[in-house]
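Let's take a walk through a model with several chains. Keep the picture open and follow along.

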Amino acid sequence: MTELLKIENLKVNFRTFEGVTNVLNLESLSVAKGESFGLVGESGAGKTTLAYTILKLLPIPPAFVESGVINFEGENLLKKSEGEMQKIRGKKVSMIFQDPMSTLNPVFTTGQQITRVLQHNQGLHKAQAKKRAVELMNLVKLPDPENILSKYPHELSGGQRQRIIIALAFSCGAQFLIADEPTRNLDVTIQAGVLQLIAELIRETNVTVLFIGNNLELVSLICDRVGILHRGQLVELGSIKEVAKHPAHPYTLTLLRAIPKEKREKIDLTQIALKAEERLAEKGCRYAGRCLKKEKICLEEEPALKHIGGTHYIACHL
Amino acid sequence: MRKLLPVETFEAIKPRLKEFKLTFYLLNRNRLTMIAVITVFLLVLIAILAPLIVPYKEHVISGTNPQEKLLPPSQEHLFGTDELGRDIFSRVIYGTRISLETALAAVGLALLIGVPLGAIAGATGGVVDEVIMRITDIFLSFPPLLLAILIAAFLGPSLTNAMLAIAVAWWPWYTRLIRGQAVSMRERQFVRAARAIGTPHFKIVFGHIVPNTIAPVIVQASMDLGGVILTAASLSFLGLGAQPPTPEWGLMVSTSRNYFLNAWWYSIFPGLAIFITVLVFNLVGDGLREVLDPRTRKY
Amino acid sequence: MPSARVERKPKMLKFILKRLALGVLVILGVVIVTFIMTRVVPSNPAAQWVGPRATPEQIQAAKRELGLDQPLYIQLGIYIKNLFTGNLGKSLKTHQPVIEELKNYLPATIELVLLSTVIAALIGLPLGVISAKKKDRWLDHFSRFFSVGAVSLPTFWVGLFLQLIFYRWLGVLPLGGELSTNIKLFYQVPHVTGFLLLDSLITGNMVIFKDALLHFILPGITVALYPIGLVARMTRSALLEILGEDYIRAARSYGLPESTVLWSYALKNSLGPTITVLTLSIGYTLTNTFLIEAIFSWPGIGSYIATSILSLDYPAIMGVTIFAALAYVVLNLIADIIIALDPRVRL
């Protein structure tokens, strides 16, 4: 399998008035061509930051990349100029954003926004772009395309908007798709439909996917492999089967326990209620402060990812 | 009788201290704003120490010196002399005091009118609110400079009247600002509690609502100082403010009009003084606004 | 399915009518406030009317003629009644109807204000965009310093300063007025709309147009400075806010070039507040011209009100005030409509 995306030693920090905080610290992570890789973690774990770092859309300042390499098709994205990145964004790497309410520009009709992207990325004429936009609406199963394309975003529902955002992400034949919690801000009733649509499109286009979510169950519907992100670090990595069936890291266990399996299963809340740690400890495991099983070594040494069988890795001393 | 401070005031002190530190940190990062803050302090110092600084104290008010009229800048007269032979440098320095005094008095008076009216309107609601706010709307529909010009014209030209005119033109802005705050205060727990134990209405307004809404108004007022100084100078320029021989900057520029084509220094220096003073006040106001506005605030 | 935009029209009309009614009330308030102000001033309009060497009998007669012997509220009622027929009374000094005098002086002022505002938009908008784009770089510092400087400058002083440089020292531009004296003497000055630059242009009178343009430059720059600063500041702060929005990041993620993102996606979102500020600044600019017209001997209402104020010619003062308030109310209304036109705003 060839690697499409390979991240090494990536460190991203935020500079605030209280000092510098590390938000992303990835030793090694790669996504193979055609693979769907899931990234799971709680809010603030650095998932979206990783997405923005890959596309070089981080707000700098306050964020800055301290070190690292992001190889895409063998070329380091972090070394690319803004002009070179513009040729990659949308065309080779595209992204589905999490908030359909704020992702579309409020003062242009959806049609104007889609044709604008098509005209620029694919050099289409206006009429061609309009035709293609209608096709895209059919692709994401939005009925009455002409009507939808003539509307402003605020005149559409959240589900309709998210389908348009999905259409935009698939509009220019990108080989790598970043989906950042695409169903997070949708009503529960329409989440399934949108998720199914994404799954179908992924299968049809054979695109490589980095799927971000905070729910392991949901991610397992789409992905082959999954990584668990905690405070900017990978704590567990493996195939969906390995991680979902045999979770090894205490944090993954907590994440899994937070989802009720049976209808009336009683959840021991003390087991899933994690203390919010304000600051990172200077040494030791980043999870130690919240870990129920921590030992002395956890406070002193930072664990590295270790192989525990198959394609399964965890970063834990225990 | 003991003055009761609302409990929330105490609760609010700790985060406010952190807020203050953060504000200062952010201001400090913006060098332009910091230079302006320092200049404002310098100007205040100059205003206070004016009598000690000026080289020709007798030139400030009257004291003519016809042999030395309209001399260009030199060692003896840094900014040159005017048509009566007075030292322009001394008069400009003294003008700092006049401008700052006028502006502070005008804004203070505007606050004195605007704050109680706004607090009463917001806290009372109903017809009282409606009447006060409609009157405010009428005043707000005059361009402020025009209103100040009109009032100054009708009151008769003098510095005090110019100050009164500016206050009358400015109060509605504060009324509107504090009313909005007061409305949101009306249903807060401590106000309800005070009402429940039978505190008289005016005591609720001035004992509870005003102290809790005054902060943003004070910030706004300090940002307005630049504009007020400019308006006062404009009134004097039109002959509606300070009268000769007062060393007021706007008036000095105004009298210089008959001589400036052959004596550039006469109008340049007083005008520059107005510009720099208004500029530093506006820069501080701008910096404060950017730092205090959560939408543009960046760490 | 009926489009939402079709439903907007009657709502829009209702909104405008409501604002219009409110505007009429405000104007009425302005009339009453100014009227009362003119009457509490210790002055004697009747004596002014008949001149300095009048007998007490003549003054009494003038009082009756001007209706000054009536109670205050009746005077006010008569004034408001006349207002609806466009009668603003007669100037105490010239004995001419105020409305006719306003008609003479207004075009010069309106031309100065509107043209300067257009210039301000053309300079201020790009300045604000560049400033936001290059936030905290030297270009931003320069542009911010310039725009804060522009609103801090005493305009009357700028006028003198420009005269000193371009008239006295460089000798390339005229000192003041709307036209050179010899041009006024030797040429037939066209009068179609009353706007000199426009009139000379449409009648093809290039000599007059060129002369008028030369006379316009200095007062035009002086008047434009304030709105330039205002627009640049507003555009910058609106854009800074918008550039942090999700849809801007999304637009970049689709590979759109930075120029499209900035000048189309972001700028269109910031136009609302910017145009609002520009519209409202016209009201301020209007009063600012009162100072500037005096310096450049510009034959507009600024010069008119300056002389009226000094002689306490209260019908003239009230006339100008009502006009200014009217302009202010109309501009506010336009600003509100612009905001309401934004597709995001649902009335």
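## A helix to start with

Helix α6 (residues 138-152) of chain C makes a nice warm-up: with 15 residues at 1.5 Å a residue it should span 21 Å, and because its end C-alpha atoms are 21 Å apart, the helix agrees with that expectation. Remember as you look that this is a predicted model.

Which residues of α6(C) are buried? They are C:S143, C:R144, C:S147, C:V148, C:A150, C:V151 and C:S152. And what lies over them? The cover includes α5 (98-133) and α10 (206-243) from chain C itself, along with α8 and α10 from chain B.

## The rest of chain C

Now zoom out. Chain C has 14 helices and zero strands, so to speak a run of α after α from the N terminus on. Its C-alpha trace spans about 85 × 60 × 40 Å along the principal axes. Chain C has 347 residues, and 40% of them count as buried. Look also at the contacts in chain C with a separation of 6 or more: 72% of these join residues 24 or more positions apart.

## Where the chains touch

Chain C is in contact with chain A and with chain B. The table puts the two contacts side by side.

| Contact | Residues on one side | Residues on the other side |
|---|---|---|
| A and C | 24 residues of chain A | 19 residues of chain C |
| B and C | 34 residues of chain B | 40 residues of chain C |

Take the contact between B and C. On the side of chain B, two or more residues each come from α4 (126-140), α5 (144-155), α8 (201-237) and α10 (264-292) of chain B. Which of these gives the most? That is α10(B), with ten residues. By class, this side of chain B divides into 23 nonpolar, seven polar and four charged residues.

Over on chain A, the side that touches chain C gets at least two residues each from α2 (82-88), β6 (93-96), α3 (100-103) and α4 (110-122) of chain A. Here α4(A) has the largest share, three residues. The classes on this side of chain A are ten nonpolar, nine polar and five charged residues.

## Strands in chain A

Chain A also has strands to look at. Strand β1 (residues 3-16) of chain A pairs with strand β4 (residues 63-72) of chain A in the antiparallel sense, over eight bridges. Across this pair, A:K11 stands opposite A:S67 in β4(A).

β4(A) also pairs with strand β5 (residues 75-76) of chain A, again antiparallel, over two bridges. In that pairing A:F72 stands opposite A:E75 in β5(A). β4(A) and β5(A) form a hairpin with two residues between them, and A:E73 in the turn has a positive phi of about 50 degrees. While you have the strands on screen, a handy rule: in a regular strand the side chains alternate between the two faces of the sheet.

## How sure is the predictor about chain B?

Finally, confidence. The mean pLDDT of chain B is 83, and 88% of its residues reach 70 or more. Which elements of chain B have the lowest and the highest mean pLDDT? Helix α1 (residues 7-29) of chain B has the lowest, at 58, and helix α3 (residues 88-124) of chain B the highest, at 93. Over residues 1-13 of chain B pLDDT stays under 50, and the model has seven contacts beyond four places in sequence for this stretch.

Technical notes
Residues are numbered from 1 along each chain as its sequence is written. Chains are lettered from A and ligands numbered from 1 in the order in which they are written. This is a predicted model: local features need pLDDT of at least 70, side-chain atom pairs count only at pLDDT 80 or more; totals for chains, interfaces and linings use all residues. Two residues are in contact if their C-beta atoms, placed from the backbone, lie within 7 Å. Helices (H or I, at least four residues) and strands (E, at least two) are DSSP runs, numbered from the N terminus. Ala, Val, Leu, Ile, Met, Phe, Trp, Tyr, Cys and Pro count as nonpolar, Asp, Glu, Lys and Arg as charged, and the others, Gly among them, as polar. pLDDT is the predictor's confidence in each residue, from 0 to 100. The expected span of a helix is 1.5 Å times one less than its number of residues. A residue is buried if 20 or more other C-beta atoms lie within 10 Å of its own, exposed if 12 or fewer, and partly exposed in between; C-beta atoms are placed from the backbone. Two strands pair if DSSP finds at least two bridges between them.
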